[in-house]
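Student: I'd like to learn how to read a protein–DNA model like this one. Could you walk me through it?

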Number of protein chains: 2
Amino acid sequence: MGEQTTVAPARRRGLADEVADRVREAIFGGVYAPGAQLREVELSQALDVSRGPVREALLLLEREGLVRSQWHRGATVITLSPQDIAELDSLRGALEHLAVQRVVAHASEEDLAKIDKAVDGMGRAADAHAMVRCDLAFHDAVYDAAHHRRLSEAWQAIRSQIHLFLLTRIGRSSDGYLEHVADEHRLLADALRAGDADAALELFAAHRHHAAQVLTAHDFPPGQDDQSVLGSTAKR
Amino acid sequence: MGEQTTVAPARRRGLADEVADRVREAIFGGVYAPGAQLREVELSQALDVSRGPVREALLLLEREGLVRSQWHRGATVITLSPQDIAELDSLRGALEHLAVQRVVAHASEEDLAKIDKAVDGMGRAADAHAMVRCDLAFHDAVYDAAHHRRLSEAWQAIRSQIHLFLLTRIGRSSDGYLEHVADEHRLLADALRAGDADAALELFAAHRHHAAQVLTAHDFPPGQDDQSVLGSTAKR
DNA sequence: GAATGTCCTAATGTCGACATTACGCCACAG
DNA sequence: CTGTGGCGTAATGTCGACATTAGGACATTC
């Protein structure tokens with residue numbers, strides 16, 4: 001696999017980051033369902049740390065939009081309403097739009113290789129949960145290839161929510177996901193490598209729309225107020 | 001002024017938010033220059049609070065991108081490199097693109113009135129600092145009118161950096177800003193009210209490009225790798 | 001003389017205890 | 001029976017003290 005031209009920056013992380021990771025995994029693992037309260041003392045006892053790092057970790061998770069905290073009422077796992085999903089879809093669209101443009105414009109062969117590698121990983125995904133992780137890893141690779149720190153941060157700010165969204169999705173309609181997702185991402189990767197911005201943009205938009213439909217279709221009729229960003233860019 | 005259809009949510013804020021506000025103002029006021037260290041004990045003594053809220057406030061400021069903190073090395077005010085400005089410009093472009101679309105699609109008369117009001121406020125701006133605040137208030141109003149919580153949050157994540165950018169800008173070329181900015185925003189507001197998405201999009205893009213040029217032009221020749229999102233959609 | 005190892009200092013990271021707040025229960029007046 | 005008020009409890013908000021770490025100055029060695 002890829003040679004590492006520079007050594008890893010060897011940065012040390014505090015307890016807070018560790019705690020944030022554990023809590024995040026717990027949420028994705030179903031330990032804390034959406035809407036559940038995350039009590040500081042409970043977490044600090046369970047993880048055997050003081051409340052300080054736990055507080056800091058909850059702040060980090062709030063930055064990711066995974067939890068919502070209010071004054072003197074603690075933090076709770078978010079619940080994704082249909083409107084939330086529409087928001088995630090449209091915002092993700094805006095971010096990916098920029099990301100795809102930048103990848104097409106100036107991504108190195110190494111960057112593209114990493115994206116391909118992410119696609120390859122989907123073939124080895126055992127269960128749906130693993131596939132979701134691969135799905136996100138693919139998009140991570142795309143944002144990495146865009147070489148845009150703030151864009152990646154903006155993606156990170158909704159990544160966990162998308163993760164939760166995808167997990168909810170496989171809970172509702174597990175069929176058709178495992179089979180088609182790998183092929184779908186292969187198309188995306190190929191379009192990026194081909195350098196065809198418009199084609200890639202359209203494929204990414206279709207990819208998102210396809211994903212969002214599964215959930216919203218069950219809650220209320222289609223025709224959401226928030227259509228994809230695609231197509232309205234140029235035709236003035 | 002506008003009738004308030006619902007009472008204010010009356011939410012209480014903690015000390016951390018208060019501290020964050022003070023520190024933010026101090027940075028914008030020039031007390032802490034870009035690159036300066038923000039020591040926790042120093043801040044806690046100056047504001048007469050313990051280090052807990054100060055730590056939390058620094059976390060919040062880091063979420064806004066105003067501060068960068070490293071393990072056991074504390075927080076420092078960010079310094080905006082030309083690349084940073086290019087990143088801010090392009091990301092802001094992606095966000096505004098979505099915002100303008102949504103405002104044109106479904107913004108109420110009340111929303112548009114607030115935007116107009118923000119433009120009116122620019123006429124009464126005494127100095128450049130006040131004008132910068134009005135400038136940001138205008139864009140705040142636009143994002144509010146978009147009625148997209150996560151989009152507003154994404155804007156908040158770069159708002160303070162844009163603020164810093166605009167302050168740096170008036171430090172370099174103070175002429176031409178105070179006179180033209182009000183008119184420029186009036187055009188933006190009118191385009192939004194007219195409901196012409198494409199025209200508004202183009203005006204917003206020109207507005208951003210015009211702002212970014214002032215700074216980047218001094219540092220190195222034009223032709224930055226990161227032109228505005230507008231227009232670069234199709235030609236690959 | 002340059003490189004290396006060791007100590008010191010000043011900052012952040014972490015902890016446990018106390019203060020403050022919000023929510024629910026229950027009594028009670030209307 | 002309904003609405004209001006007070007109280008108790010359990011959580012978060014805040015604080016000060018201790019532990020840990022990074023960076024620099026100094027002495028040491030080859």
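Student: Which element gives the largest share of the surface near DNA strand C?

Tutor: Keep in mind that this is a predicted model. Start by asking which elements the residues near the strand belong to. Here α3(A) gives the largest share, with three residues. Then look for other contributors: α1 (15–28) and α3 of chain A, along with α2 (40–47) of chain B, each supply at least two residues of that surface.

Student: How many residues surround DNA strand C, and which are the closest?

Tutor: There are 19 around DNA strand C, and the closest are Gly14(A), Leu15(A), Ser50(A), Glu40(B) and Gly74(B). Sorted by class, the surface near DNA strand C has seven nonpolar, six polar and six charged residues.

Student: Then what about DNA strand D: which residues come nearest?

Tutor: Try the same reading there. Out of 19 residues around DNA strand D, the nearest are Glu40(A), Gly74(A), Leu15(B), Ser50(B) and Gly52(B). α3(B) provides the largest share of this surface, three residues. At least two residues each come from α2 (40–47) of chain A and from α1 (15–28) and α3 (51–63) of chain B. The class split near DNA strand D is seven nonpolar, six polar and six charged.

Student: Now the sheet. In what order do the strands of chain A sit?

Tutor: First the general idea: strands in a sheet pair through backbone hydrogen bonds, and they can do so parallel or antiparallel. In chain A, three strands make an open sheet with the order β1-β3-β2, and the pairing is antiparallel. β1 (37–38) and β2 (67–70) of chain A are the edge strands, each pairing on one side only.

Student: What packs on that sheet?

Tutor: Helix α3 (residues 51–63) of chain A does, touching β1, β2 and β3 of chain A. The direction of α3 makes about 120 degrees with that of β2(A). Recall that α3(A) also supplies the largest share of the surface near DNA strand C.

Student: How many bridges join β1(A) to β3 of chain A?

Tutor: Two bridges join these antiparallel strands, with β3 covering residues 74–77. To follow one pairing, find Gln37(A): its bridge partner in β3(A) is Thr76(A).

Student: Stepping back, how many helices and strands does chain A have?

Tutor: Chain A has nine helices and three strands. Read from the N terminus, the elements go α-β-α-α-β-β-α-α-α-α-α-α.

Student: And what percentage of chain A is buried?

Tutor: Of the 236 residues in chain A, 38% are buried.

Note on methods
Residues numbered from 1 in each chain as written. Chains lettered and ligands numbered in written order. Predicted model: local features only at pLDDT ≥ 70, side-chain atom pairs only at ≥ 80, totals over all residues. Pairing = 2+ DSSP bridges. Helix = DSSP H or I, 4+ residues; strand = E, 2+ residues; numbered from the N terminus. Contact = placed C-beta atoms within 7 Å. Axes fitted to C-alpha atoms, helices over the stretch in contact; angles between N-to-C directions. Near = placed C-beta within 6 Å. Nonpolar A, V, L, I, M, F, W, Y, C, P; charged D, E, K, R; others polar. Buried ≥ 20, exposed ≤ 12 C-beta atoms within 10 Å, placed from the backbone.
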